[in-house]
Structures are given as structure tokens and as C-alpha cells.
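Reader: I would like to learn how to read strand pairing, loop contacts and surface patches in a structure file. Could you take me through some cases, one feature at a time?

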Amino acid sequence: MAARRHLALTAFAAFVFLFLAAPLLIIAVTAFGEASTIRFPIRGFTFEWFGAVFASRSFMSSLRLSLVLAVYATLLALAIGVPAAYALGRTTFRRNKLLRSFFLSSTFVPGIVIGYALFKFLVIGLRMPVFAGLLLGHFLVVIPYVIRVVGASLEQFDFSIEEVARSLGCNRAQAFAKAVLPNIGSGIVAAFMLAFINSFNNIPVSMFLTGPGISTLPRTLMSYIEYSYDPSVSAISVLLMAITVLLMYGVERTMGIGTLAG
Amino acid sequence: MPYAELQDIRVTYDGKTQVLEGLNLGIERGELVSLLGSSGCGKTTTLRVVAGFVEPAGGRFLLDGKDLTRTPAHRRNFGLVFQSYALFPHLTVFDNVAFGLKLRRLGPGEIKRRVDDMLGITDLAALARRYPKQMSGGQRQRVALARALVIEPELLLLDEPLSNLDAKLRLGMRVEIKRLQKRLGITTIFVTHDQEECFSISDRVAIMKGGAIEQFDAPEAIYSAPADEFVARFVGFTNFFELTRVGAGRFRDSRGDEFEVDADREVGRCVGAIRPDDIRLSGSSPSDSGAVPGTVEVRTFLGKSYQYELSTDIGRLVANAPKDQAFEPGSRVFARFPSSKIVLC
């Protein structure tokens, strides 16, 4: 009886897992088909579509933009988010809770709303250049991840360690650099990767803030799918997934995915 | 003039709650002084003022005649040991101890010599390459101590350093701290809530309550002459009764009976106190008048002795009596207070 229930549970779990993974697997497989439209199962086997992606100027320039944007937005978010997380973790004011919610608020607001608000304010109102607008938008999207993840590793940190460093001769800045930073390093690496992924994959905010001739990769991919249905879409999806998986693996190795929940 | 001196220190949190209200404390060179009190009495805040982590709203902190009130923590050169040990998790024992010396820009040879010396004194030489995670609580505490001592601090500040250790280790560590402190002659402030720990180790004890010092004296003096009822309770007095002075060394209790008290004090009325161990119980009325009759309410077995709760005309009393002299609950007994054991507060 117990064994049968165990079997049923295993089957159910396998089904859920299949349901989650199958679409991704199918897309990945279709990237290698020879036919000029996406179909499954595939006929023949070719790397041609990957070649097409790398040969496409619009794909390549938007990939470059996405990478540069993700790096800058993430660095900016770290520059502001790490001190913010430190201040939130170090002090115990009553208004802390409010501040924390404020910093995390952009995860509660739909991306499309943030995108529209920024479009209205930055692009229409302030006539900000496209890249600057995108950078600000992505910064806003990723900063909650930085504060969350760095905050989580600061929660494990005993601040009397920092005080001991000060008593031994460190000024405030030295104490942070020599006693705090080395012990939240894995948190910062994890925050970097998560923020990077979220900027790199973002669509709703980019939709509003990209301009003529300047587009991020997911945005370019979307408009491409509207008009064409060839396996280069699958090929680029494989590339996007590969980058994300690689980064998530990095997060797992440094801190554990578990830190992102709770 | 004391070596370290807190003058009229006031600390408030959020501009409202008074944590320290005009605290004064003077510590002599080479002395080990404890701040003793229950949680919230201001002892840790006092230590943090001395360390430079809390800026007082008023008052001065002097060391060797110099005003350090506004000197930042990192320029004070004080050694600090916390209850949580607060070792640098990313550094080995050697590098933990060397941390303060590297900041002082000493040469590598000098650093190595001094760290090795200190690791030798604290019996840690074999563990120099270990990380804090790989060590026991007692070993970590010794590293914390070595790290604080190696910079040759002007003051050593210990914040409940033994509270995380088990009872047996605590005993050994406290002897160890005392030994190092005397050997190196370092003026030390020790914060604790453990009365026994503190009395065994300190040259003088400051008992704190509500942000002020109730009594500051040698352990023996506090033990035999507590300044007030609060201090008396803190050092183990459980029996208190009203007294009125009727003559030199003679006091009358609320029933009208007279007591002789060695510790005379020229006051009209006061409170007498005595420890459970010091009350003498007997089953029959003694010949002298001072005995207080009472009834046994509760008897508890303490191992070496019985503890009795008595109801008497002067209030409830707690008394300990040896095992061979057992009284049943409900029986009538007489409590005598030796004149040398009564303290007045």
C-alpha cells in the first residue's frame, strides 16, 4: 500500500517536472532542425540557425546592448544596494520596515506599470537619452534583488565582528572593507548574478524604454517572432537559456538558491 | 586620581529613554572592575561608552587624565572581547590575532614574534593555522582574548565573555582571565550578570540598577555590608525585617523584641537582612530572648541541607538547616539571628 502511494507520487512528480521542462526541451531541439519553420520533431540536423543568429546585425547589436546594460545596471544596483542593505541590517529603527518595503516595492508593481511610468516620466517628460532611460529602468528592476540577497547574508553576520575590527584600529570604512565585506562576498556574487539575469531577461520595462534602432535582445526577439517563425528564434532562445542556467549555477555554487526565497 | 574615569555620563536612546543618568565611576591602574546588574541596568551601555561605540549625551570619559569622550573607537587602543567571540570567520587564528598589529603597520617579523608570544601565553600555538569554525567555544574565547591583548591595550573590555561557555569551562576560563590580567597588568572592565562569577574575579564590583551605580566596592565589602536592600538581594540576602534603633548596637523588631547587631548604624529605623545559611533553627525555645518563633510552611531538600520557609510574626523567613536536624512541615521552630550575621540597609 505504502509502496503504491509512493509510486503514484513519483509518477505525479515526474509529470509535473515534464510539464515544466518539456516546452523548453522542445524549443531547444527545434533549434537544430533543417526546415525553414519551427517544427517538432525535427528533420535533419544543422547548426545553420545559430550561424544565422551570429550573422544577424540586429540580433548581435541587441545582444551587445543587453549585456552592457545588464552589467551597468547591476553594478549601479550593487553600488547603491549594498550600502542600503548594510544600513538596513545594521540599524534597528522602527522606520526600517517601511524603508525595506520601499526598496523592495518595485517587485510588487507589475513591470508593465513601471515601464509605462518611466516612459512617461523619463522619455516624454525629461527627454532622457534611450540608454540612460534603459539603465535607470533596469536599475530599478534589479535593485530589490541586490538588497534582498545581500540583506540575507548580512542577517547571518554578527556585527560585533565589525566593532571588534574598529576597536583594533579600523576606521568605519576599513572595518567595512576588512571585516564585513569578506564575510558577505558570496552574497554579493549571488546578488550580481541574479540582478544580471533579471536585467538581461527583462521585457516589460525594456518595451517602453527602447527606441528606434536601439533594442535589447528579448525585445528584438519578440518583434522578430511577430513576423518570422524560423528556427533562429529557437537558436537564440537556447543561447539565452544557456547564459541564464550558467549564472544560476553560479548562484547555487556561491550561496544556494534557497537564499532567494523567504 | 583614578586611571580611567567616567564623569556624570548620560546616555539617552531616541532622545527619550534615559539609559544612563549621571553615572560616575573611577578605576585604578591595573584593577579588574566588574559591572554587575540584571539586563537593562545600563552595564553594557557603560562599556560601549568606554569603547567609543556610544556617544554620551553628557559627561566625560577620562583615561590617564586625557579626555577621550569624543575620540573615535579606532583611536582608543582598547581590547574588546564579546560574548559571541566575534572572531573574523575568514581569517585563521594567527591572522585573527595579527589583525590589530597589521593595522599598526608593524614589520612582518615583529608581528610574527608578538603573535607567537601571545599564542604561547594563551596556549593556542598548536591551533595557529585553524579557522574559527574548526574550534570549540573555549578555544575561540581564548583567541578573542589573545587578539584583544596582543595590541597591548590601555584598557581591556569584556562583555559577558563567559556566558556562552558551559559551566565547567567557565570556571577554568575565569581563572585564566584573572591570571592573564594580573600577569600583563591590564586595567580591565568586566560586564556580567553572574554574581558568583563576578565576585570571584574582581578587585572591585560596581552593582548597577536603572542606569546608575548602587554600590561600588570590593566583593568582600559588598558581601558583608550591602549598601541597600537591592544590593543585599543581589548578593544572596533573602530575609528582610524592619528594625528600630534603641541604643548602641541594639535594635527592636516589629514585635518589640530586641536584637543585638554588630554592624551598628546611627539611624532611627532601618531594614535588617540575613542570609538563609546564617539563621540558626531550633525546635525548643532557647533561653535568650532574641529567638523568633515560627511555623514551617515548606521544606525543600537541597542536598547538603534542608531549606525551610517559615511564617513568623516579623514576616516570611527562608532558612537553611543541616540534614540531621529535620523539621516536619507544620511544626513550631525558633529562629535565631547571630548578631554578627545581621546587616543593616
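Reader: Let me begin with a single pair: which residue in E17(B) is the bridge partner of Arg299(B)?

Author: Please keep in mind that this is a predicted model. The bridge partner of Arg299(B) in E17(B) is Tyr308(B), and this pair belongs to the antiparallel pairing of strand E16 (residues 292-301) with strand E17 (residues 305-312) of chain B, which extends over seven bridges.

Reader: How many residues lie between E16(B) and E17(B) in their hairpin?

Author: Three residues lie between the two strands of this hairpin, and in the turn Gly303(B) has a positive phi of about 100°.

Reader: With which other strand does E16(B) pair, and over how many bridges?

Author: E16(B) also pairs with strand E19 (residues 332-336) of chain B, again in the antiparallel sense, over four bridges; within this pairing, Val292(B) stands opposite Ala335(B).

Reader: How are these strands ordered in the sheet, and which of them stand at the edges?

Author: The general idea, when one follows side chains along a regular strand, is that they alternate between the two faces of the sheet. In this case, five strands of chain B form an open sheet with antiparallel pairing, in the order E15-E19-E16-E17-E18. Strand E15 (280-282) and strand E18 (315-322) stand at the edges with a single partner strand each, so one side of each has no neighbour in the sheet. From one strand to the next, the twist averages 45°.

Reader: What is the strand order in the open sheet that contains E14 and E20 of chain B?

Author: That open sheet also has five strands, in the order E13-E12-E11-E14-E20, and its pairing is antiparallel. Its edge strands are E13 (258-260) and E20 (343-344), each of which pairs on one side only. Strand E14 (residues 269-274) is joined to E20(B) by two bridges, and one residue pair to look for is Ala273(B) with its bridge partner Val343(B).

Reader: Turning to the loops of chain A, is Asn202(A) buried or exposed, and which backbone nitrogen atoms does its side chain reach?

Author: A residue counts as buried when its relative accessible area is under 20%. Asn202(A), which lies in the loop between H8 and H9 of chain A, has 9% relative accessibility and therefore counts as buried. A polar atom of its side chain lies 3.1 Å from the backbone nitrogen of Val205(A), and the side chain of Asn202(A) reaches the backbone nitrogen of Ser206(A) at 3.3 Å.

Reader: Where is Asn171(A), and what does its side chain reach?

Author: Asn171(A) is in the loop between helix H7 (160-167) and helix H8 (172-200) of chain A. With a relative accessible area of 29%, Asn171(A) is partly exposed, and its side chain reaches the backbone nitrogen of Ala173(A) at 3.1 Å. As a reading of distance across the chain, the C-alpha atoms of Asn171(A) and Pro231(A), 60 residues apart in sequence, are separated by 58 Å.

Reader: Finally, which residues form the nonpolar patch on the surface?

Author: The patch is formed by Phe108(A), Val109(A), Ile112(A), Val113(A), Met207(A) and Met222(A), which together have about 520 Å² of accessible area. One of its members, Met207(A), is in helix H9 (residues 204-209) of chain A and is partly exposed, with a relative accessible area of 33%.

Conventions
Residues are numbered from 1 along each chain as its sequence is written. Chains are lettered from A and ligands numbered from 1 in the order in which they are written. This is a predicted model: local features need pLDDT of at least 70, side-chain atom pairs count only at pLDDT 80 or more; totals for chains, interfaces and linings use all residues. Side-chain values use heavy atoms; hydrogens and water are left out. Two strands pair if DSSP finds at least two bridges between them. Buried means under 20% relative accessible area, exposed over 50%, partly exposed in between (1.4 Å probe, protein chains only). A polar contact is a pair of N or O atoms within 3.5 Å; within protein, one must be able to donate a hydrogen and the other to accept it, and residues adjacent in sequence count only if both atoms are side-chain atoms. Patches are made of residues with over 30% relative accessible area and no salt bridge: like charges are joined within 9 Å, nonpolar side chains (Val, Leu, Ile, Met, Phe, Trp, Tyr) within 5 Å. Accessible areas come from the Shrake-Rupley method with a 1.4 Å probe; for residues, only the protein chains shown count as cover. A salt bridge is a side-chain nitrogen of Lys or Arg within 4 Å of a carboxyl oxygen of Asp or Glu. Axes are lines fitted to C-alpha atoms, for helices over the stretch in contact, and angles run from 0 to 180 degrees between N-to-C directions.
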